[in-house]
Amino acid sequence: MTSTMITAAAAGTWKLGDRTVNRLGFGTMRLPQHGEALIPDAVPRDRDQAIAVLRRAVELGVNHLDTAAFYFSPLSSANELINHALTPYPDDLVIVTKVGPGRDPSGEWLPHATPGQLRGQVEENLRQLGRDHLDVVNLRIVGPDSIAERFGALAELRDTGLVRHLGLSNIRPHQLAEAQAIAPVVCVQNMYGIGASAEQEEMLRICGERGIAFVPFYSIAGSGRTAGAPVHALGDGLADGEGAVEAVARARGVSAAQVRLAWTLQRGPHVLAIPGTGDLGHLAQNVAAGALRLSAEELAGLGSSA
């Protein structure tokens with residue numbers, strides 16, 4: 001499968017509130033560093049390389065970026081790289097950020113923000129991105145407790161115009177219901193990919209029934225999480241075992257990562273993908289995956305008949 005001239009538009013579109021985005025987007029967590037993200041001693045990525053990847057992503061039709069103020073290495077942050085690479089921002093570009101977690105300047109994690117601290121996190125994202133409002137802000141959650149106070153604080157910021165739309169990340173069904181009773185929810189970001197648990201499948205289904213965008217994270221990395229995908233998942237699909245993903249990749253002449261992305265996008269029209277990379281070649285492959293359509297037989301072999 002060649003990636004020549006394939007753009008993010010091949011994946012189709014979905015709406016985040018009143019903003020239409022291509023279903024194949026870009027996650028910026030990997031941009032500030034090489035290797036594992038979100039650790040204090042992360043190895044910074046070459047700044048020019050990161051900027052080139054962002055600009056090329058937009059050239060390839062990506063108009064949905066996922067970021068956060070806590071995506072940074074000792075020398076750069078994802079938000080600042082986005083600001084430098086893409087301002088003045090294209091009219092169709094939708095930047096989605098998240099609040100709740102925080103890191104101190106050394107990179108160590110802080111306690112999750114209280115309702116009263118969320119405005120400061122929103123304003124920090126605004127400052128770093130050079131924006132007067134944020135398109136979408138996701139409240140990132142840890143644990144099953146009530147989110148009413150924190151989501152309510154973000155709803156107040158939405159009413160002021162600092163935030164246009166609200167979403168949620170790492171949540172459970174009862175928390176989605178709780179949030180929807182307070183303000184509209186345009187997207188849910190949860191861990192999801194091939195081999196998803198019943199609970200993860202349930203959240204995908206609920207979002208589809210309610211017309212909410214479902215935006216999986218770690219759909220390529222899987223158990224690698226912030227460390228990234230296994231080497232074979234980013235390569236030519238010919239190595240490391242006889243698994244179902246590798247078998248489909250070999251048969252199609254694509255990478256395992258492309259198979260995982262195609263599977264993700266075929267889980268429903270409301271599913272968006274936000275693969276991240278700091279490599280121009282992998283970027284082109286990821287975008288091209290939006291044009292890959294797996295057959296019913298292939299889907300069944302990967303664990304789904306959808």
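Is C207 buried or exposed? In this predicted model, C207 has a relative accessibility of 0% and therefore counts as buried. A second cysteine, C187, gives a similar picture: its relative accessibility is 2%, so C187 is buried as well. The two residues are not bonded to each other, however, because the sulfur of C207 lies 9.0 Å from that of C187, its closest cysteine sulfur, which is too far for a bond. A disulfide would require the two sulfur atoms to be within 2.5 Å. A search of the whole structure accordingly returns zero disulfides, and C187, with the sulfur of C207 as its nearest cysteine sulfur at 9.0 Å, takes part in none.

Two helix pairs may be described next. Helix α3, spanning residues 118-129, packs against helix α4, residues 148-160, at an angle of about 50°, and their axes are 10 Å apart. At this angle α3 is oblique to α4. The crossing of these two helices is right-handed. On the α3 side the contact is formed by L118, R119 and V122, while α4 contributes R150, A153, L154 and L157. Sorted by class, the contact of α3 with α4 comprises five nonpolar and two charged residues, with no polar ones.

The second pair consists of α5 (residues 173-180) and α6 (residues 198-210). Here the packing angle is about 25° and the axes are 10 Å apart, which makes α5 roughly parallel to α6. Residues P173, L176, A177 and Q180 of α5 meet E202, M203, I206 and R210 of α6. By class, five residues in the contact of α5 with α6 are nonpolar, one is polar and two are charged.

Helix α6 also holds Q200, which has a relative accessible area of 23% and is therefore partly exposed. Leaving aside residues up to four places away in sequence, Q200 touches M191 and Y192. The C-alpha atom of Q200 is separated by 9.7 Å from that of P216, a residue 16 positions away along the chain.

Turning to the loops, Y71 is found between β6 (64-66) and α2 (78-86). With a relative accessible area of 7%, Y71 is buried. Its contacts, not counting residues up to four places away in sequence, are T28, M29, P32, L38, D66, S77, A78 and K98. Y71 and G102 are 31 residues apart in sequence, and their C-alpha atoms are 9.5 Å apart in space.

One of the contacts of Y71, L38, has its own backbone feature: its phi is near 65°, a positive value in a residue other than glycine. L38 sits in the loop between β4 (33-34) and β5 (43-44), and its relative accessible area of 14% makes it buried. N170 likewise has a positive phi, of about 65°, although it is not a glycine. This residue belongs to the loop between β11 (163-169) and α5. At 30% relative accessibility, N170 counts as partly exposed.

A final backbone feature concerns the peptide bond joining T87 and P88, which is cis, with omega about -5°. P88 is placed in the loop between α2 and β7 (94-99).

Note on methods: Residues numbered from 1 in each chain as written. Predicted model: local features only at pLDDT ≥ 70, side-chain atom pairs only at ≥ 80, totals over all residues. Heavy atoms only, no water. Buried < 20%, exposed > 50% of the residue type's maximum accessible area, 1.4 Å probe, protein only. Axes fitted to C-alpha atoms, helices over the stretch in contact; angles between N-to-C directions. Helix = DSSP H or I, 4+ residues; strand = E, 2+ residues; numbered from the N terminus. Parallel < 35°, antiparallel > 145°, perpendicular 65-115°, else oblique. Left-handed = near helix turned anticlockwise from the far one by under 90°. Contact = heavy atoms within 4.5 Å. Nonpolar A, V, L, I, M, F, W, Y, C, P; charged D, E, K, R; others polar.
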